[in-house]
Amino acid sequence: MQIENKPLQFSSGSFCFKGRRIIIIRSFCNHDIAVQRAIYIWYGDNANEQTALRFYLYLLRDKTNEIYLINSTEICERYGASVEGQPIFHTGQIDQEILRAFSGNNKENKPLSDNKQIQFQQEWEKLTETKDVLRVWKDNEIQAVPEDHYDSLILETLEKLHDQQGMKDFIKTGSVLGEIVDRIDVDIDLFYLEYRIRHFVYSGVLELKGIPKSMIHYSVKLR
């Protein structure tokens, strides 16, 4: 077995817009990759991974390797996979052993066509020209939405949790975020939701108890 002939596996679930991670990915994609090595890119049906998919394909635009795309969301739906009974939207939710099993059962997958690869590259270039703060995956495309897109959901969730308390009291921010995730059937970035909760604190909509260095270190309640 020649190690250099083994396929390369990328997971869009590991993608983030932080400088060091992007530098590492960009450096790796710019290195020589033997043309006989197939490249597999895993991605899910969420804005983060769909954006990452286009970014990877843009970086690989000069490579002649065969590229295979594996949609982890579709595969999980096909085989009925879930995490604690909840649907899987993000590749990072899937255990590595399960990913390997899925990979072995995906033999019918065909290489990405040149035209499709160019389309993804052009979509990435268009994304880089925008200044959108928040994007969602809807109707099989990346869509920009207002910064306050989830604000009403956050406030409604807090009202519901206060009703359950009987007497309004502080609630751990992590509990609020967990309740939001349970309420809706889409993938949401918890860090973005926490950013909006902090916005409500700083704008006077919510009261704060604790030190907001992470979602487990402080609590909030409606004023």
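How are H6 and H8 oriented to each other, roughly parallel or roughly perpendicular? Keep that in mind as you explore this predicted model; we will reach the answer at the second stop.

**Stop 1: the whole chain**

Start with a cartoon view of everything. The chain holds 8 helices and 8 strands. Of its 223 residues, 39% count as buried. Now think about contacts between residues at least 6 apart in sequence: 66% of them join residues at least 24 apart.

**Stop 2: two packed helices**

Select helix H6, residues 151-165, and then helix H8, residues 190-202. Two packed helices are described by the angle between their axes and the distance between the axes. Here the angle is about 75°, and the axes of H6 and H8 are 10 Å apart. An angle from 65 to 115 degrees counts as roughly perpendicular, and H6 and H8 are therefore roughly perpendicular to each other. That answers the opening question.

Next, show side chains where the helices meet. From H6, pick Asp-151, Ile-154 and Leu-155; from H8, pick Leu-193, Arg-196, Ile-197 and Phe-200. Sorted by class, this contact has 5 nonpolar and 2 charged residues, and no polar ones.

**Stop 3: two residues of H6**

Click on Ile-154, which lies in helix H6. Is Ile-154 buried or exposed? Its relative accessibility is 0%, so Ile-154 counts as buried. Setting aside residues up to four places away in sequence, Ile-154 touches Ile-180, Leu-193, Arg-196, Ile-197 and Phe-200. Try a distance tool too: the C-alpha atoms of Ile-154 and Leu-177 are 8.2 Å apart, although 23 residues separate them along the chain.

Now move to Asp-151, also in helix H6. Asp-151 counts as buried as well, at 10% relative accessibility. Beyond residues up to four places away in sequence, Asp-151 touches Arg-196 and Phe-200.

**Stop 4: a sheet of three strands**

Select strands E6 (171-172) and E7 (206-210), then add strand E8, residues 218-222. These 3 strands form an open sheet in the order E6-E8-E7, with antiparallel pairing. Why is one side of E6 and of E7 left without a neighbour in the sheet? Each of these strands stands at an edge and has a single partner strand, so one side stays free of a neighbour there.

Look at E6 with E8: they pair in the antiparallel sense over 2 bridges. To find one of them, select Lys-172, whose bridge partner in E8 is Ser-219. Bring H6 back into view: this helix packs on the sheet and touches E6, E7 and E8, and its direction makes about 90° with that of E8.

While you are here, click on Gly-210 in strand E7. Gly-210 is partly exposed, with a relative accessible area of 47%. Not counting residues up to four places away in sequence, Gly-210 touches His-217 and Tyr-218. From Gly-210 to Val-220 is 8.8 Å, C-alpha to C-alpha, and 10 residues in sequence.

**Stop 5: the nonpolar core**

In soluble globular proteins, nonpolar side chains tend to be buried together. The largest nonpolar core here has 23 residues, and those touching the most other members are Tyr-150, Leu-158, Val-176, Ile-197, Leu-206 and Val-220. Strand E4, H6, helix H7, H8 and E8 each supply at least two residues of this core. Which element gives the largest share? That is H8, with 5 residues.

Zoom in on Val-220. Leaving aside neighbours within four places in sequence, its contacts include Leu-158, Phe-170, Ile-171, Val-176, Ile-197 and Leu-206. Apart from this core lies another, of 17 residues, among them Tyr-43, Leu-53, Leu-59 and Leu-69.

**Stop 6: helix H7**

Select Glu-179 in helix H7. Glu-179 is buried, with a relative accessible area of 18%. Apart from neighbours within four places in sequence, Glu-179 is in contact with Thr-157, Lys-160 and Leu-161.

**Stop 7: a hairpin to finish**

Finally, select E4 (134-138) and strand E5, residues 141-145. They pair in the antiparallel sense over 5 bridges, and Lys-138 has Glu-141 as its bridge partner in E5. The hairpin has 2 residues between the strands, and Asp-139 takes a positive phi near 55°.

Terms used: Residues numbered from 1 in each chain as written. Predicted model: local features only at pLDDT ≥ 70, side-chain atom pairs only at ≥ 80, totals over all residues. Heavy atoms only, no water. Pairing = 2+ DSSP bridges. Helix = DSSP H or I, 4+ residues; strand = E, 2+ residues; numbered from the N terminus. Contact = heavy atoms within 4.5 Å. Axes fitted to C-alpha atoms, helices over the stretch in contact; angles between N-to-C directions. Core = buried A, V, L, I, M, F, W, Y, C linked by side-chain atoms within 4.5 Å. Buried < 20%, exposed > 50% of the residue type's maximum accessible area, 1.4 Å probe, protein only. Parallel < 35°, antiparallel > 145°, perpendicular 65-115°, else oblique. Nonpolar A, V, L, I, M, F, W, Y, C, P; charged D, E, K, R; others polar.
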